[in-house]
Amino acid sequence: YLDFYPAIRNPRTMEMSRREYLGIYLMKSPRTAADRRANAIKLKQAEAIRAEREISIINEQYGFLDKTKGRMSVLDFYYSILPGHDKKWRIVYEHFSHFVHGKCTFDEMTIDLCNKFRNYLSTASRLKSEHLKLSQNSAAGYWSTFRAFLAIAFKEGYLKENVNDYLDKLDTQETKREYLTAEELQKLYDSHCDYPVLKAASLFSCLTGLRLSDILQLEWKHIEDYQQGGKCIRIRTEKTDTEALIPISEQALRLCGTPSDGKVFKGLDRNLVNSKLKPWLKSAGIDKYITFHCFRHTYATLMIAGGADIYTVSKMLTHKNVSTTQIYADLVNE
């Protein structure tokens with residue numbers, strides 16, 4: 001190892017350091033001429049590194065102490081930045097961990113490995129449903145998130161070059177966004193449902209644009225008085241992990257029932273939605289392929305068709321970019 005005196009500061013840990021281990025080992029008692037030559041070569045390598053370090057210190061360049069970044073775990077670094085990002089980042093983390101079998105260093109993060117992960121996403125199964133493949137748009141979104149991670153890793157100095165410059169994006173597919181017309185929504189309202197909580201939550205989504213994940217976590221404490229009158233929902237959305245303040249109508253509030261403690265839509269869960277939504281829609285005479293998320297599309301299209309400003313709708317839907325909301329405006333135009 002090299003011994004620095006006086007001690008120098010490690011730019012990554014900010015701790016003062018006296019030693020740098022080179023990972024070069026000498027044979028303690030060389031018995032043959034070949035062993036002695038090997039020791040001599042290793043000593044020359046160590047001496048060459050020592051000379052390089054001396055020049056670096058004279059020039060006050062201490063980046064060499066941070067060379068351990070290349071040997072650091074990609075998964076550990078990825079996991080450490082998860083709290084600052086949305087749910088999609090965790091899904092990509094789990095896919096990448098599965099792809100590299102739980103172990104990968106930054107030195108291994110080559111263009112070839114990244115392209116292999118791109119190919120993996122194109123054919124991978126969903127995490128919770130192994131018999132279902134990832135959709136093209138999901139794979140493209142996860143690949144985009146992974147490239148955003150690579151950009152952070154390069155910026156933080158974990159990658160020696162910006163591999164993003166050599167990677168191609170995954171194309172998305174145009175998908176048909178189904179929604180209910182005002183007449184169909186009225187039919188749904190007028191129809192009988194054996195599960196009142198399912199009916200109330202579905203209509204509530206049509207009137208607020210909230211995702212199922214947010215409705216499932218909605219509690220009475222999230223419903224507050226709105227400054228301009230009426231009520232509003234103050235909630236941290238699960239998908240984007242952002243704080244949202246959403247004014248709601250009296251009609252939407254009535255669907256919540258009598259105020260109490262805990263969850264607003266008690267008894268609602270994903271199994272109920274997955275198993276009972278389609279029979280109810282069919283009994284209402286609606287033949288479209290409608291999922292619970294389509295109620296969010298319904299809210300957006302009816303708002304824009306009714307003349308609401310697209311920026312207002314974007315805020316109500318908690319979109320980060322208005323370009324996402326523009327899709328609904330194009331849908332209304334059609």
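Start by selecting strands β4 and β5 (residues 243–248): six bridges join the two, and they run antiparallel. Before you go further, keep in mind that you're looking at a predicted model.

**Stop 1: around the strands**

Stay on β5 and pick out its residues one face at a time. A244, I246 and I248 make up the covered face, while E243, L245 and P247 sit on the uncovered one. Two of those uncovered residues are handy for seeing how the strands pair. Click P247 and you'll find it is the bridge partner of C232. Then click E243, which is the bridge partner of R236.

Now add β3 (residues 223–225) to the selection. This strand runs antiparallel to β4 (residues 231–236), and three bridges join them. Which residue of β4 is the bridge partner of E224? It's C232, so to speak an old friend by now: C232 also has P247 as a bridge partner in β5.

Between β3 and β4 there are five residues, and the two strands form a hairpin. Zoom in on the turn and find G229, where phi is positive, at about 110°.

**Stop 2: a pocket**

Next, select L185, Q186, Y189, L203, L207, Q251, R254 and L255. Together they line the second largest pocket. Colour by element and you'll see that α6 (182–190), α7 (196–208) and α9 (250–254) each give two or more residues to this lining. Which element gives the largest share? That's α6, with three residues.

How much space is in there? About 240 Å³. Try colouring the lining by residue type as well: five of the residues are nonpolar, two are polar and one is charged.

**Stop 3: helix α5**

Move on to helix α5, residues 136–155. It has 20 residues, and the distance from its first C-alpha to its last is 29 Å, close to the 28 Å expected at 1.5 Å a residue.

Show the side chains along α5 and look for the buried ones. Among them are the aromatic-looking names on the list, Y142, W143, F146 and F149, and you can add A139, A140, G141, T145, R147, L150 and A153. What covers these buried residues? The cover includes α2 (74–80), α3 (87–99) and α4 (111–123), so switch those helices on too.

Follow the chain just past the end of α5 and you reach G157, which takes a positive phi of about 90°. Keep going into the loop between α5 and α6 and stop at N164. Is N164 buried or exposed? It counts as buried, because its relative accessibility is 12%. Leave aside the neighbours within four places in sequence, and N164 is in contact with R147, L150 and A151. R147 and L150 should look familiar: both are on the list of buried residues in α5.

**Stop 4: a meeting across the sequence**

Jump to C294, which is found in helix α11 (residues 293–305). With 7% relative accessibility, C294 counts as buried. Now select Y179 as well. The two residues are 115 apart in sequence, yet their C-alpha atoms are 5.3 Å apart in space. Again leaving aside neighbours within four places in sequence, C294 is in contact with E178, Y179 and Y289.

**Stop 5: backbone oddments**

Finish with a few spots where the backbone is worth a click. Go to Y5 and P6: a cis peptide bond joins them, with omega about 0°. P6 has its place in strand β1 (residues 2–9).

Then select H101, in the loop between α3 and α4. Its phi is near 60°, a positive value in a residue other than glycine. H101 is exposed, with a relative accessible area of 73%.

Last, go to T318, in the loop between α12 (310–316) and α13 (322–333). Phi of T318 is near 60° too, again positive in a residue other than glycine. Is T318 buried or exposed? T318 is buried, with a relative accessible area of 11%.

Notes:
Residues numbered from 1 in each chain as written. Predicted model: local features only at pLDDT ≥ 70, side-chain atom pairs only at ≥ 80, totals over all residues. Heavy atoms only, no water. Helix = DSSP H or I, 4+ residues; strand = E, 2+ residues; numbered from the N terminus. Expected span 1.5 Å × (residues − 1). Buried < 20%, exposed > 50% of the residue type's maximum accessible area, 1.4 Å probe, protein only. Contact = heavy atoms within 4.5 Å. 1 Å grid on protein atoms, 1.4 Å probe; cavity = no way out; pocket = protein on both sides within 12 Å on 5 of 7 lines; lining within 4 Å. Points joined across faces, edges and corners; volume = space filled by probe spheres on them. Nonpolar A, V, L, I, M, F, W, Y, C, P; charged D, E, K, R; others polar. Pairing = 2+ DSSP bridges.
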